[in-house]
Amino acid sequence: MAKKSGGPNKSQSIRDYYAANPDAKPMEVAAELSKKGIVVTPAFVSTVKSTTMGKSAKKSARKSAKKPAVSAKKSTGAKRGRPVGSTNKATSNEVSLDSLIQVKKIVEEMGSVQDAKNALTALEKLMG
């Protein structure tokens, strides 16, 4: 299929906005770009930001945040964040702090809780 021409490059517009406003949230970026006639969703903004912005910063952060050696883990006798003897399965009303932190990061990347819910609904339909 041929590439459409004539319209603004949405990804480049997002990168340009983040260059001028590095602390902007995806919803803010989407709102500001829509004022200029560039219609993007906060989820798309998050995708562009995560795939094109700060790759070297992410790599260096991963390198500096490496987990301790395997031998150090074995000496503690417990998995990180869980008491000794606990299982990996949570009951229907229990959510671990680690899970909440991961969900918070996903919501921030998606732009809003509603966008994250919509994505989960779509994923559930794909898997079900």
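**Exercise 1.** Find which residue follows α6 and work out the sign of its phi.

*Solution.* Start with the helix itself: α6 covers residues 97–110 (helices are DSSP runs of H or I, at least four residues, numbered from the N terminus). Next comes Gly111, with a positive phi near 110 degrees. Now check the length: the 14 residues of α6 reach 20 Å from first C-alpha to last, close to the 20 Å expected at 1.5 Å a residue (the expected span being 1.5 Å times one less than the number of residues).

A quick note on the setup: this is a predicted model, where local features need pLDDT of at least 70, side-chain atom pairs count only at pLDDT 80 or more, and totals for chains, interfaces and linings use all residues. Numbering runs from 1 along each chain as its sequence is written, and side-chain values use heavy atoms, with hydrogens and water left out.

**Exercise 2.** Describe how α3 and α6 pack.

*Solution.* First, geometry: α3 (residues 42–52) packs on α6 at about 105 degrees, axes 7 Å apart (axes are lines fitted to C-alpha atoms, for helices over the stretch in contact, with angles from 0 to 180 degrees between N-to-C directions). So α3 is roughly perpendicular to α6, a label for 65 to 115 degrees.

Then the contacts (heavy atoms within 4.5 Å): Pro42, Ala43 and Ser46 of α3 meet Glu108, Glu109 and Met110 of α6. Sorted by type, that's 3 nonpolar, 1 polar and 2 charged (nonpolar: Ala, Val, Leu, Ile, Met, Phe, Trp, Tyr, Cys and Pro; charged: Asp, Glu, Lys and Arg; polar: the others, Gly among them).

Definitions and conventions:
Helices (H or I, at least four residues) and strands (E, at least two) are DSSP runs, numbered from the N terminus. Angles under 35 degrees count as roughly parallel, over 145 as roughly antiparallel, 65 to 115 as roughly perpendicular and the rest as oblique.
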